[in-house]
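Subject: Structure handover

Hello,

Here is the structure we talked about handing over. Please load it first, then read the notes underneath.

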Amino acid sequence: MDNYLRERKGKSVNDSVSFQKFDFGSSKGRVWVPGAVIVGAGPSGLAAAACLSDRGVPSLVLERSDCIASLWKQKTYDRLKLHLPKKFCELPLMAFPRDFPKYPGKQLFVEYLEAYAKRFEIRPIFNQSVVAAEFDGDLGFWKVRTAAEVEYVCRWLVVATGENAEAVVPEIEGAEEFGGDVVHTSEYRSGDVYTGKKVLVVGCGNSGMEVCLDLCNHNAIPSLAVRDTVHILPHEMLGISTFGLSMRLLKWFPIRIVDQILLAASRLLIGDTGRVGLTRPSVGPLELKSLTGKTPVLDVGTLDKIKSGHIKVCPGIKRVRHQSVEFVDGETRDFDAIVLATGYKSNVPTWLKESEMFSEKDGFPKKPFPNGWKGKSGLYSVGFTKRGLMGTSMDARNIAEDIENCLIEEKKTIFLNHVIPCKNIHKYV
């Protein structure tokens, strides 16, 4: 069996072989995948599958949930919209419909992803939670094992579980004493269930700011716990998206000059955010994003609610008590609920048995953008760039091109190994 697997290395990826008839010990079954195994059926996994398909390379997508884009469908709030214009959020090979608004909402984006999967005939295997994936150096293949005790064997493994695989729930002293609702934004849908209630939102990223606005719109009484410095920029400047304007300016000026322009414009349009308790970092928004991946907040109306007093800005939390929170400045305030807008994290280290490409600390590729998409032995990553869907598209295209080139080189090798020896035989006959 081992000899047979080794022989597969030099053969075409399109030669499909089933391994179900062999005995593989404890696994319920082992399946040969004549192409790439992609772990994750979110936008990143779909983009990788589509790009591979476009180049004639088959793939199999494994998804732990029961649908594509499960984060968007099951773990996002109702009012969510794309923060960037749709032209910056298209997946490879398929544009958004022309009649979609500039900033598509959650449901429209899900419809786009479903149409994308249908167009490229991407049919993930659902309810397949990957528990381990490792490269077998003796055989020269990746083995991907799921909780269903099925093992998939493949030449190439594409990690597409993304930056937001697991919710980050911080340990807060006394949280068990609170007695009211404590939910992560992955469980938050709408502020309608909090009408008339005092709600503390922990975290001042884009999600935290939007949840506060949503709570205001549903007549709740929100407060925002802010522990760190934060850059807040207008969503648009003079009718142009702030992101789009930044991209244009970066073509002509260094990043620090562009940051200075953005901050000057922001002071004119939204004022000094430090006056309302939202202190800016010393490093500019684009440079900070490049260095740390921390995204600036694009204001969609929350700042006006803060200025008007409808949302109170509080410092970091010291501890939680029964129906109240004590802050680091010594003040204690009563609350009915707490919403944790504390973000997400990668889960790659929990299942990928590899330490060269991915960091065990944060689950991201060790190589910085734009070089983090490729590892060794046929290992790839897509959607870990900290640059949104634009970064995802770049990764997906790079992966598909690289695998196609690998196949082309193999075919050349097979041709040289078989055709040239035959010519030499005729020469001496």
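The notes below go through a small sheet, a group of helices, a surface patch and the salt bridges.

One thing before the details: this is a predicted model.

**The sheet**

Start with the three-stranded sheet. It is open, and its strands are ordered β17-β18-β19 with antiparallel pairing. β17 (317-321) and β19 (332-334) are the edge strands, each pairing on one side only. On average, neighbouring strands here are turned by 20° against each other, with direction ignored.

Strand β18 covers residues 324-327, and 3 bridges join it to β19. Those two strands run antiparallel. For a register check, look at Val 325: it stands opposite Arg 333 in β19.

A salt bridge also belongs in this part of the chain. Glu 326 pairs with Arg 321, and their closest N and O atoms are 3.0 Å apart. Is each partner buried or exposed? Glu 326 has 12% relative accessibility, so it counts as buried. Arg 321, at 36%, counts as partly exposed. Separately, Glu 173, Glu 177 and Arg 319 are joined into one network by salt bridges that share partners.

**The helices**

Next, α8 and what surrounds it. Helix α8 spans residues 285-292. Its buried residues are Pro 285, Leu 286, Glu 287, Leu 288 and Lys 289. What do they pack against? The contacts are with β12 (232-234), α6 (242-250) and α7. After α8 comes Gly 293, which has a positive phi near 85°.

In α6, the buried residues are Thr 242, Gly 244, Ser 246 and Leu 249. The elements covering them include β12, β13 (236-237), β14 (240-241), α7, α8 and β15 (297-299).

α8 and α7 are also linked by charge. Glu 287 forms a salt bridge with Arg 256, with the closest N and O atoms 3.2 Å apart. Glu 287 is in helix α8 and Arg 256 is in helix α7, so the pair ties together parts that are 31 residues apart in sequence. The burial of the two partners is worth a look. Buried means under 20% relative accessible area, and exposed means over 50%. Glu 287 has 16% relative accessibility, so it counts as buried. Arg 256 has a relative accessible area of 55%, so it is exposed.

**The surface patch**

Which residues form a nonpolar patch on the surface? They are Trp 252, Phe 253, Ile 257 and Ile 261. Together they have about 430 Å² of accessible area. Ile 261 sits in helix α7, which covers residues 255-270. At 33% relative accessibility, Ile 261 counts as partly exposed.

**Other salt bridges**

How many salt bridges does a search of the whole structure find? The search gives 18. One more pair to inspect is Asp 136 with Lys 143. Their salt bridge has its closest N and O atoms 2.9 Å apart. Asp 136 is buried, with a relative accessible area of 17%. Lys 143 is buried too, at 18%.

That is the handover. Send questions back whenever it suits you.

Best regards

Conventions
Residues numbered from 1 in each chain as written. Predicted model: local features only at pLDDT ≥ 70, side-chain atom pairs only at ≥ 80, totals over all residues. Heavy atoms only, no water. Pairing = 2+ DSSP bridges. Helix = DSSP H or I, 4+ residues; strand = E, 2+ residues; numbered from the N terminus. Axes fitted to C-alpha atoms, helices over the stretch in contact; angles between N-to-C directions. Patch = residues over 30% accessible without salt bridge, like charges linked within 9 Å, V, L, I, M, F, W, Y side chains within 5 Å. Areas by Shrake-Rupley, 256 points an atom, 1.4 Å probe, with all protein chains shown as cover. Salt bridge = Lys/Arg side-chain N within 4 Å of Asp/Glu carboxyl O. Buried < 20%, exposed > 50% of the residue type's maximum accessible area, 1.4 Å probe, protein only. Contact = heavy atoms within 4.5 Å.
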